[in-house]
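Here are some exercises to work through with the model open in your viewer. Try each one before you read its solution.

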Amino acid sequence: MTANKFLNLATSTLLSYRRYIQAGLTLCAGLGLSALASSVAYNWEYKSMQAELQDRLDKIATEIQREVSGNLEIIRAAGAFYSVFDGVKTPEMKTFVGPALYRHPSLKAIAWLPRLSDSPQFLTEEIDLTLGLTTNRLALENAIKRQEITATDRQKLSSQNQPSVFVFMPIFSQNYAGAGAELQQNLPDGSPKNLKGFTFGVLLVDAIVKSALQETNLDFVNVYLQDAMAPEAERFLAFYEAKTKRIITDEKIKNKIQMGERAYCPDGSSCTRIINIENRRWLLELRLTPEYINPLKFGRSLTVLILGTILTLVATLYLMSLLSYTEKIEKIAAERTAKSQELEKTLQELQQTQAQLIQQEKMSSLGLLVAGVAHEVNNPINFIYGNIHHASEYTRDLFELVKLYQKNYLSPPSEISEYLKNIDFDFLSKDLPQLLSSMKIGADRIVQIVQSLRNFSRLDESEMKPVNIHEGIDSTLLILQSRLKATADRPPIEIVKNYSNLPLVECYAGQLNQVFMNILANAIDALESYNLDREPKAAEANPIAIAITTEYSVPDKIIVRISDNGPGMAENVKKRLFDPFFTTKPVGKGTGLGLSISYKIVVEKHKGTLRCDSTPGLGTEFSIEIPLRQEVRQAVPFVSRKISEAA
């Protein structure tokens, strides 16, 4: 009997607390899954960040190697010129190397250092140059011994205080730089008797680093370059500080700034690269600033964790509410109706939240797609764009060569004459430059499109920052360009831009582009429906158009007006325009969330106002007003006013 009582007591206790037990299990399971998913996302983001850093490092190392190799090829060419010709004077030298120095800013100077006598002291005293070569005696001796280019450690030009690297290439009287192996075997190793002189080059370290970094995005990533073969105290070559975007070559300044944390590659090793500079080895390294390692870098894992926690809490609360509601139904029939209404309200709120999340995810996906397409198109079009100019010059030179042949050889062989006739050389010489010009125009257009796509996506601008509003509007219009063109049902929609001279506006650029997208897309939908109901004569007399006007409102606001000459809207529609899920479009063509989200972005995120002015038959105008600088202020309530004029 006692056991039965105990069993009944335990059963009743479990039944009374069953909702808490189920809710607790749901909460633990949801939080565990959220933590697991967040951990997976974190590991993926961390490896992606490491891979991105590795790609940047590889690109910088390749650019430095390419720049130095190009300079060394010029020095070799100058050495070959020196080894072949005797008695070359300074004007000939300038004529030979002048264009090369102009195209390679990192190559400060090239000189020929002739040997003046057979004195054993030629390395320090018999070379005709005002530089103090005593400190570089070892480099000169190594150059003779190795019979190839030899680079020094970090030097400093006394006249300009510029850190540099000296390069010496020995020139022997029997051969020239780049001679074959058979000719080299006839040379006595390091014999000063056969030494004709040296080709001397000065490489500027800061110019080499600047050239390598100009095409690389290094936000919050410092770059450290060292000479691995120099003594520990003399290894420093250059340091790029991402915060100030400057290249530091003064070691005193470098010692006063923060270097940043060492970057790591996906395999767990330190992200460093060895760059071979002839007989020397340079060490390239990335250093991360505190701003780079911030929670925003792991936004996806944080988002997964937060969303998982929120959904778990919502599911737990929903489960507890449902169980509580079931218990109360069993006790009081009257409370059943009240709880049912509360549950419906909760479900409606969940549906609204879900729909808004879906809409925001669609815009985010669109931004990712646009940014990805822009990135993938950018590299090949830059290659095409950069080579069209050279192709045009080469074609012009070839045509000039053919004209010279025609001018000097008036009676070419019959085979050549017949071939010129078959290919219609006169037409080809006129049409090919025009064809290349057309290709250049097309490449220019693609470059503009890629830039507009990047401006629209703005994936790297999640923070509020000053931006050009007109770029965002133009980028949005580019995305909608296909909808603005003429179709079988309507003529093209004209876009009228009335841009004022606006300063940069502090805002969330991506979210503001979403507002422009929603308003312009709704205007296009309205004009398409309106044009179907009009007579052809009316359509010709009043073409459909969208006007975009920007203006600066004293003292610290800007206004963007987007108006159309469509049918307008009734007062009852205008009152509910910004309500969630309200739409006048047919089922399946609209969610009713676009303007609702736009209102929140303008009013809540930017502390501005979003107004709609419309009169039936006269069109509709949306007015977006936001401050230039974001401060704490009260959101302006929605106010409707009549449109001032037709678009």
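Two strands count as paired if DSSP finds at least two bridges between them. Helices (H or I, at least four residues) and strands (E, at least two) are DSSP runs, numbered from the N terminus.

A quick note on the ground rules. This is a predicted model, in which local features need pLDDT of at least 70 and side-chain atom pairs count only at pLDDT 80 or more, while totals for chains, interfaces and linings use all residues. Residues are numbered from 1 along each chain as its sequence is written, and side-chain values use heavy atoms, with hydrogens and water left out.

**Exercise 1. Work out which strands pair with β10, and in which sense.**

Step 1: Start with β5. Seven bridges join β5 to β10, and the two run antiparallel. To find your place, look for V221, which sits opposite L288 in β10.

Step 2: Go on to β8 (residues 261-262). It pairs with β10 over two bridges, in the antiparallel sense. Here E261 has L288 as its bridge partner in β10.

Step 3: Add β9 (residues 272-277), which is antiparallel to β10 over six bridges. One bridge here links N276 with R281 of β10. β9 and β10 make a hairpin with two residues between them, and E278 in the turn has a positive phi of about 55°.

Step 4: Check the burial of β10. Buried means under 20% relative accessible area, exposed over 50%, and partly exposed in between (1.4 Å probe, protein chains only). Eight of the nine residues of β10 (residues 280-288) are buried, so the strand is largely enclosed by the rest of the structure.

**Exercise 2. Follow the chain pairing from β5 through β6 to β7.**

Step 1: β5 and β6 are antiparallel, with four bridges between them. Q226 finds its bridge partner in F236 of β6.

Step 2: β6 then joins β7 (residues 246-248) through three bridges, again antiparallel. E241 is bridged to R246 in β7.

Step 3: Look at the hairpin of β6 and β7. Four residues lie between the strands, and K245 takes a positive phi near 55°.

Step 4: Now the burial. Six of the six residues of β6 are buried, so β6 is largely enclosed by the rest of the structure. R246, on the other hand, is partly exposed, at 36% relative accessible area. R246 and K210 are 36 residues apart in sequence and 9.0 Å apart in space, C-alpha to C-alpha.

**Exercise 3. Describe the second largest cavity: its volume, its lining and the classes of its lining residues.**

Step 1: Get the terms straight. On a 1 Å grid over the protein atoms alone, a cavity is a set of points where a 1.4 Å probe fits but cannot get out, and lining residues have an atom within 4 Å of a point. Grid points are joined across faces, edges and corners, and a volume is the space filled by probe spheres set on the points.

Step 2: Searching the whole structure turns up two cavities of 30 Å³ or more. The second largest has a volume of about 40 Å³.

Step 3: List the lining: I60, I64, V209, V223, Y224, L225, A238, F239, Y240 and L284. The elements that give two or more residues to it are α2 (18-84), β5 (221-227) and β6 (236-241).

Step 4: Sort by class. Ala, Val, Leu, Ile, Met, Phe, Trp, Tyr, Cys and Pro count as nonpolar, Asp, Glu, Lys and Arg as charged, and the others, Gly among them, as polar. The lining then has 10 nonpolar, no polar and no charged residues.

**Exercise 4. Buried or exposed: compare the helices α7 and α11.**

Step 1: In α7 (residues 205-213), seven of the nine residues are buried, so this helix is largely enclosed by the rest of the structure. The buried ones are V205, A207, I208, V209, S211, A212 and L213.

Step 2: α11 (residues 414-422) is hardly covered, with zero buried residues among its nine. D424 follows α11 and has a positive phi, near 55°.

**Exercise 5. Find the edges of the five-stranded open sheet.**

Step 1: Write down the strand order, β12-β14-β15-β17-β16, with mixed pairing.

Step 2: β12 (494-498) and β16 (609-615) are at the edges, each with a single partner strand, so one side of each has no neighbour in the sheet.

Step 3: Check one pair. β12 and β14 (residues 545-553) are parallel over five bridges, and V496 stands opposite A547 in β14.

How values were computed:
On a 1 Å grid over the protein atoms alone, a cavity is a set of points where a 1.4 Å probe fits but cannot get out, and a pocket is an open set with protein on both sides within 12 Å along at least five of seven lines; lining residues have an atom within 4 Å of a point.
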